[in-house]
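Subject: Structure handover and notes

Dear colleague,

Please find below the structure that I am handing over to you, together with its sequence. My notes come after it, and I would be glad if you read them with the structure open.

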Amino acid sequence: SWQNDPFELWVVLSLIIGLMSQTVAMSRSFSLYDAMFDFAHLLKIISYFCVLIGLLSSMRLLFEKVESTSLELAEMIENWPCGLLLFDSAGIITSVNRHTETMFGYSRDELLGRPVGMLVPDVSRSTEPAHSGSYFENSSTLAMSAETELCGRGSDGGSIPIELAMSTVTTVHGVQSMASITDVSRHRELEESLRLHTDELERSNKELDQFAYVASHDLKAPLR
């Protein structure tokens, strides 16, 4: 309702004052520029100021809402459960979140302004803008969103198996790329453990089959 909207509230107040200017003050004015005429003119100016105050109040609330939304978005990105980073068309990192720092062992200051290739050195030319100046001009690359398995490089030089998904975003600094990076080291360890367990089961099954064959052969031998 208009009572809860500052702009509409001030507009209604402006209309009331304007109506008072016409019905009360002007109706009692009997000559040009007499006291009631001047009073009516003053009320009209006040009504204009009411509209201006309402507009400024509405803009202030809008700016506060945008700022609050921006802070919430920044907090969400900062605490996202995987690494997120932004880099420009030259492959220079412009923004990272906390998980990226933890994953690769670098501080934020060590990453900002550095090439994205320092984190993903073996990324292919088709997905690495640092190696291709026409990255943003390549529509097939822009549309890339599927996860790609690569190897990242930590601050200690160690290899980190990762899944990488990239997309483009429009920021105040122009079009940039956003990379979502997931550390799949634990997944690889589980896959390797499962593979070894499967190999062990297959070996055990072969041994059981061989034992059953030998046992069956030995049991049949005396009957011949």
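What follows is a description of the fold, the nonpolar cores, the salt bridges and the cysteines.

Please keep in mind throughout that this is a predicted model, and that the values below were computed from it.

To begin with the overall layout, the chain contains 6 helices and 5 strands, and when it is read along the sequence these elements come in the order α-α-β-β-α-α-α-β-β-β-α. The chain has 224 residues, of which 25% count as buried, while its accessible surface comes to about 14900 Å², with 62% of that area belonging to carbon and sulfur atoms. If one takes the contacts between residues at least 6 apart in sequence, 41% of them join residues that are at least 24 apart.

Turning to the interior, the largest nonpolar core is made of 19 residues, and those with the most contacts inside it are Leu85, Phe104, Leu111, Leu119, Ile162, Ala179 and Ile181. At least two residues of this core come from each of strand 1 (83-87), strand 2 (93-96), helix 3 (98-104), strand 4 (159-171) and strand 5 (174-183), and strand 4 gives the most, with 4 residues. Another core lies apart from this one; it has 5 residues, among them Ala25, Ala40, Leu43 and Cys50.

Phe104 may be a useful residue to display when you look at the largest core. Leaving aside residues up to four places away in sequence, Phe104 touches Leu119, Gly152, Arg153, Gly154, Ser155, Ile160 and Ile181.

The charged side chains come next. Side chains of opposite charge can pair when their charged atoms come close, and the count of salt bridges in this model comes to 4. One of them joins the side chains of Arg60 and Glu64, at 2.9 Å from N to O; these two residues are 4 residues apart in helix 2 (residues 35-78), and are therefore separated by about one helical turn. Both ends of this pair are partly exposed, Arg60 with a relative accessible area of 46% and Glu64 at 40%.

A further salt bridge is formed between the side chains of Arg98 and Glu78, at 3.7 Å from N to O. Because Arg98 lies in helix 3 and Glu78 in helix 2, this pair ties together parts that are 20 residues apart in sequence. Arg98 is partly exposed, with a relative accessible area of 39%, whereas Glu78 is buried, with a relative accessible area of 16%.

Glu78 also meets the side chain of Arg108 in a salt bridge, at 2.5 Å from N to O. Since Glu78 lies in helix 2 and Arg108 in helix 4 (residues 108-111), the pair ties together parts that are 30 residues apart in sequence. Arg108 counts as partly exposed, at 25% relative accessibility. Through salt bridges that share partners, Glu78, Arg98, Glu101 and Arg108 are joined into one network.

Finally, a word on the cysteines: the structure holds 0 disulfides. Cys82 counts as buried, at 10% relative accessibility, whereas Cys151 is partly exposed, with a relative accessible area of 33%.

With best regards

Definitions and conventions
Residues numbered from 1 in each chain as written. Predicted model: local features only at pLDDT ≥ 70, side-chain atom pairs only at ≥ 80, totals over all residues. Heavy atoms only, no water. Disulfide = S-S within 2.5 Å. Buried < 20%, exposed > 50% of the residue type's maximum accessible area, 1.4 Å probe, protein only. Core = buried A, V, L, I, M, F, W, Y, C linked by side-chain atoms within 4.5 Å. Contact = heavy atoms within 4.5 Å. Areas by Shrake-Rupley, 256 points an atom, 1.4 Å probe, with all protein chains shown as cover.
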